[in-house]
Amino acid sequence: MALTQAVWDELQQVNDEINHAITPEDDLLHYGRAEYWTIPTDGRGDCEDYALTKRAGLIAAGVSPRALRMAVVKTWRGEGHAVLTVATDHGDYVLDNLVQNVWSWDNTGYQWIARQDPGNVWAWVSLSPAASQPMLVAASQ
């Protein structure tokens, strides 16, 4: 996807709006289970809920779904975390509920674990530095 000023502005706006629209709440407390990936309808959610909502907002704004990929990382504190990545002609960028600005994936300080396969949104590839190349870690359908 071409990273124009209009696209950049849309990424920033959606990231900011969703970060302010959702109140953080753990899935176990919110849904009664350890993990539940959804677009929240009650204004509460955890990291993957933020990322899925941002993905939906960007698609509604005209961004190609093929450029948008969910990713799982370890934060600076060693915690599991989900973010939305955007593949552009100027590199990949991250929309994250822990940070107000959109930033380049390589400036996050995160340990990258896995990301959706660009060829199959139902498949995930490993981004582990131990792997010599991305490796399929999960798939559905």
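Reader: Where is the place of Pro-65?

Author: Keep in mind that we're looking at a predicted model here. Helix 3 covers 47–60 and strand 3 covers 68–74. Pro-65 has its place in the loop between helix 3 and strand 3.

Reader: Is Pro-65 buried, partly exposed or exposed?

Author: Its relative accessible area comes out at 38%. Buried needs a value under 20% and exposed one over 50%. With 38%, then, Pro-65 counts as partly exposed.

Reader: Leaving aside its neighbours within four places in sequence, which residues is Pro-65 in contact with?

Author: A contact here takes heavy atoms within 4.5 Å. Once the neighbours within four places in sequence are set aside, the contacts of Pro-65 are Arg-55 and Ile-59.

Reader: How far is the C-alpha atom of Pro-65 from that of Val-86?

Author: Along the chain, Pro-65 and Val-86 are 21 residues apart. In space, their C-alpha atoms are separated by 9.3 Å.

Reader: On to pockets: how much space lies in the largest pocket?

Author: The lining of the largest pocket is made up of 19 residues. As for the space inside the largest pocket, that's about 270 Å³.

Reader: Which elements each supply at least two residues of the lining of the largest pocket, and which residues lie nearest its centre?

Author: Helix 3 and strand 4 (80–88) each supply at least two lining residues. By class, the lining has 8 nonpolar, 5 polar and 6 charged residues. Nearest the centre of the largest pocket you'll find Asp-46, Cys-47, Gly-80, His-81 and Ala-82.

Reader: How many salt bridges does a search of the whole structure find?

Author: One of them pairs Arg-77 with Glu-79, at 3.4 Å from N to O. In that pair, Arg-77 is exposed at 58% relative accessibility, while Glu-79 is partly exposed at 41%. For the whole structure, the search gives 4 salt bridges.

Reader: What parts does the salt bridge of Glu-25 and Arg-44 tie together, and how many residues apart in sequence are they?

Author: The side chains of Glu-25 and Arg-44 meet at 3.4 Å, N to O. Glu-25 sits in the loop between strand 1 (23–24) and helix 2 (27–31), and Arg-44 sits in strand 2 (residues 44–45), so the pair ties together parts whose separation in sequence is 19 residues.

Reader: Is Glu-25 buried or exposed?

Author: Its partner Arg-44 is partly exposed, with a relative accessible area of 32%. Glu-25 has a relative accessible area of 16%, and the cut-off for buried is under 20%, so Glu-25 is buried.

Reader: Which residue forms a salt bridge with Arg-115?

Author: Arg-115 lies in strand 7 (residues 111–117) and its partner in strand 5 (residues 91–95), so the pair ties together parts 23 residues apart in sequence. Both partners are buried. The closest N and O atoms are 2.7 Å apart, and the partner is Asp-92.

Reader: Which residues do salt bridges that share partners join into one network?

Author: We've already met the pair of Glu-25 and Arg-44. Through shared partners, the network takes in Glu-25, Asp-42 and Arg-44.

Reader: Zooming out, what radius of gyration does the chain have?

Author: The chain has 3 helices and 9 strands, and its C-alpha atoms fill a box of roughly 40 × 35 × 35 Å along the principal axes. Of its 141 residues, 43% count as buried. A compact globule with 141 residues would have a radius of gyration near 14 Å, which agrees with the chain's value of 15 Å.

How values were computed. Residues numbered from 1 in each chain as written. Predicted model: local features only at pLDDT ≥ 70, side-chain atom pairs only at ≥ 80, totals over all residues. Heavy atoms only, no water. Helix = DSSP H or I, 4+ residues; strand = E, 2+ residues; numbered from the N terminus. Buried < 20%, exposed > 50% of the residue type's maximum accessible area, 1.4 Å probe, protein only. 1 Å grid on protein atoms, 1.4 Å probe; cavity = no way out; pocket = protein on both sides within 12 Å on 5 of 7 lines; lining within 4 Å. Points joined across faces, edges and corners; volume = space filled by probe spheres on them. Nonpolar A, V, L, I, M, F, W, Y, C, P; charged D, E, K, R; others polar. Rg over C-alpha atoms; globule rule 2.2 N^0.38 Å.
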